[in-house]
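This report introduces a protein structure to a reader who has not met it before. Please look at the sequence and the structure shown here before reading on.

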Amino acid sequence: MPNEDPTDEEWEDFLNKPEEALLKCFPSQLQATKVIAVLDVLSNHSPDEEYVGTNIEPFWKDEPVINVAFEVFSGKLKELEGIIDARNADCNLKNRSGAGVMPYELLKPFSEPGITGKGVPYSISI
C-alpha cells in the first residue's frame with residue numbers, strides 16, 4: 001500500500017489501479033516458498049517429541065511427594081482433554097458447526113509426529 005508520504009505519481013497510480021498497488025505488496029513466489037519451508041520445518045513435531053505431563057523424569061520417580069504431584073498434574077491434563085473433546089463434539093457452541101471446522105486440540109497431552117495442534121511439548125516450536 002502507499003507509504004505515509006507518497007509522491008503524486010505513486011498516489012495517482014494507487015487511485016487508478018489499487019489492485020496493482022496491492023499486488024506489489026506481496027512477496028515473490030520464491031520468498032513465499034522459502035518462508036513456508038522454514039515455517040514447516042520449525043513447526044513440525046519430531047517423532048521422539050516429549051510432552052508435558054506424559055512421562056515423569058526418571059530421577060524424580062523415587063521421590064513420593066514429586067511422584068504424587070506429577071500424577072495429580074497428569075490427571076488434570078487428562079481431565080482437560082476430556083473437556084476439550086466434549087466441547088469439540090458440542091454443536092451448540094459457537095464456531096463448532098459447519099464446513100471446515102477444525103477441532104481445538106492445543107492442550108491434548110499426546111501428538112502424532114508432524115504438524116498438529118496437539119500436545120504441550122517440553123521444547124518450543126512456532
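## Basis of the description

Helices (H or I, at least four residues) and strands (E, at least two) are DSSP runs, numbered from the N terminus. By this scheme Leu-107 is placed in the segment after helix 4 (64–89).

This is a predicted model, in which local features need pLDDT of at least 70 and side-chain atom pairs count only at pLDDT 80 or more, while totals for chains, interfaces and linings use all residues. Residues are numbered from 1 along each chain as its sequence is written, and side-chain values use heavy atoms, with hydrogens and water left out.

## Overall architecture and confidence

The protein contains four helices and zero strands, giving the pattern α-α-α-α along the sequence. Of its 126 residues, 16% count as buried; buried means under 20% relative accessible area, exposed over 50%, and partly exposed in between (1.4 Å probe, protein chains only). Contact means heavy atoms within 4.5 Å. Among contacts with a separation of 6 or more, 47% are between residues 24 or more positions apart.

The predictor's confidence in each residue is given by pLDDT, from 0 to 100. Its mean for the protein is 81, and 87% of the residues reach 70 or more. Among the elements, helix 2 (residues 18–25) has the lowest mean, 85, and helix 3 (residues 29–43) the highest, 89. Where pLDDT is low, the predicted coordinates should not be read in detail.

## Helix 4

The expected span of a helix is 1.5 Å times one less than its number of residues. For the 26 residues of helix 4 this gives 38 Å, and the end C-alpha atoms are 37 Å apart, which agrees. The buried residues of helix 4 are Phe-70, Ser-74, Leu-77, Ile-84 and Asn-88.

Ile-66 also belongs to helix 4, and it is partly exposed because its relative accessible area is 34%. Leaving aside neighbours within four places in sequence, Ile-66 is in contact with Ile-56 and Trp-60. The C-alpha atoms of Ile-66 and Ile-56 are separated by 9.2 Å, with their positions 10 residues apart along the chain.

## Links between distant parts of the chain

Glu-49 sits in the loop between helix 3 and helix 4. Its relative accessibility is 18%, so Glu-49 counts as buried. Beyond residues up to four places away in sequence, Glu-49 touches Pro-121 and Ser-123. Glu-49 and Tyr-122 are 73 residues apart in sequence, yet their C-alpha atoms are 8.0 Å apart in space.

Glu-105 lies in the segment after helix 4 and is partly exposed, with a relative accessible area of 21%. Its C-alpha atom is 8.9 Å from that of Asn-88, 17 residues away along the chain.

## Surface and salt bridge

Accessible areas come from the Shrake-Rupley method with a 1.4 Å probe; for residues, only the protein chains shown count as cover. The protein exposes about 10100 Å², of which carbon and sulfur atoms supply 60%. Leu-80, Ile-83, Tyr-104, Leu-106, Leu-107 and Val-120 make a nonpolar surface patch of about 440 Å². Patches are made of residues with over 30% relative accessible area and no salt bridge: like charges are joined within 9 Å, nonpolar side chains (Val, Leu, Ile, Met, Phe, Trp, Tyr) within 5 Å. Leu-107 counts as partly exposed because its relative accessibility is 31%.

A search of the whole structure finds one salt bridge, defined as a side-chain nitrogen of Lys or Arg within 4 Å of a carboxyl oxygen of Asp or Glu. The partners are Lys-17 and Glu-20, whose closest N and O atoms are 4.0 Å apart.
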